[in-house]
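Work through these short exercises with the sequence and the model open side by side. Each task is followed by its solution.

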Amino acid sequence: MPLQIIRNDITKVECDAIVNAANSTLLGGGGVDGAIHKAAGRGLLLECMKLGGCRVGEAKITKGYNLPCKYVIHTVGPKWKGGSNNERELLESCYKNSLELAKKNNCESVAFPLISSGVYGYPMNEAFKVAVDTVAEFLMHNDMLVYIVVYNKNALATGSKLFTDIAQYIDDNYVAEHSAYVSRRINNACESMPLPQTQFLSNEEKCYACNEDIAMSIPVPEDTAGLSDIVIKLDESFSQMLLRKIDEKGMTDSECYKKANIDRKLFSKIRSNPDYKPSKPTVIAFCIALELSLAETNEMLLKAGFALSHSNKFDVIIEYFIKRGNYNIFEINEALFAFDQSLLGA
C-alpha cells in the first residue's frame, strides 16, 4: 500500500495505529504528545505508567482508548544538536521500530507525525526527508498504508531551495489563462500550422496542442471505413502500454507499483482490464516509476486521454522533475503537497 502525505490533526486520523512523538517518560508533554494524551483520555496515561519509559529511537505500544485507532505507538525522537550527534540515525530508528511494532501487531495502516520537528528542534524539511526515506524503504518490502501527517504544510517549504526553484519554474512556465482565451489562442495558432486531416483534442490536450515540441494528434483514417473497422484498428491501450514498458525496463510488477506508490489491488485491476481508465495522477505515477522521458510521459498520458499542459500547475511541477531526471516520487509528492496539488499514487 502507498505512502500518503496528509494535512490533518493526527488525533482525528482513522487508522489501526497512530504514532506519538513522546518524551522518554511516556507520561505526556506538549505538542503532539499532549494532544494525543488529551484525546485518548486517562486510560492511556495509566497504561503508559506501567511501561517504564522509553529510550530515544525505540518504540512501545499501548491501546488507543478514546482515539479513532486501535493502538498508539510511542517513540522518542532525538533532540537536534546540529546534526553531527547521530540525530539522523536515531530518527530513522524511531520510524523503523514504530513500523516493525505496527507490523508485529498486524496493523494495516499507521499515521506518523513529523517526529522531533517540534520542540526538539529537528529542521522541518530534514525531518520530513528522514520520514519519507525511511517509510519508503519499509514499503518496498511490506504492504501497509502509511500516513505522514503534516499539521502546517507551509513550514515544509520554509528555507528550501527546492521549493524556491520550483516556484520560480512555475512563474516562468505557468500560463494562467481563461479557457476562452486558450481556445482562441489555439484556434489562431492552428490556422497557420499544417495539421493532419483531422485532429482529436481532449480538454487537457488543448493547451499543448500547438506546442511544436510535444504536439500530439490522432489522424482519422482517410478511408470511409465503418465504425467497427476503425475500432479494430485502435492502438494499444494504457494498460497494454504500461505492461509493455514494465517488461522493457526489466522490472517486476511489484517493483513498478511500489515505486509508483500504487496500491497492489489497484495494479491488479489495471493488469486484468486492458480497457482500464486510470486517473491522470495514476498515469503519471507509473511514468515516474518507469523513469520515462517527457515525450514518453506524454505518449503514455495520451493513451489514457490526458496530456501535460502549461496552464496547470500540477503539470508544470511534474515537468520540472522529469526534465531534471528526478524520479523520486516521494520528493515529487512533497512538492505537490506544498503547492496544494493532487499527489501521485493511490
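**Exercise 1.** Find out whether Asn106 is buried or exposed.

Solution. Start with the cut-offs: buried means under 20% relative accessible area, exposed over 50%, partly exposed in between (1.4 Å probe, protein chains only). Asn106 has 65% relative accessibility, so Asn106 counts as exposed. Next, place the residue: Asn106 sits in the loop between α3 (87–104) and β5 (109–112). Helices (H or I, at least four residues) and strands (E, at least two) are DSSP runs, numbered from the N terminus. Last, check the backbone: phi of Asn106 is positive, near 60 degrees, and the residue is not glycine.

This is a predicted model: local features need pLDDT of at least 70, side-chain atom pairs count only at pLDDT 80 or more, and totals for chains, interfaces and linings use all residues. Residues are numbered from 1 along each chain as its sequence is written, and side-chain values use heavy atoms, leaving out hydrogens and water.

**Exercise 2.** Describe Tyr65 in the same steps.

Solution. The relative accessible area of Tyr65 is 34%, so Tyr65 is partly exposed. Tyr65 belongs to the loop between β3 (59–63) and β4 (71–76). Its phi is positive, about 55 degrees, although Tyr65 is not a glycine.

**Exercise 3.** Summarise the protein chain.

Solution. Count the elements: 15 helices and 6 strands. Then take burial: 46% of the 346 residues are buried. Finish with the surface: the chain exposes about 17,100 Å² (Shrake-Rupley method, 1.4 Å probe), and carbon and sulfur atoms supply 49% of it.
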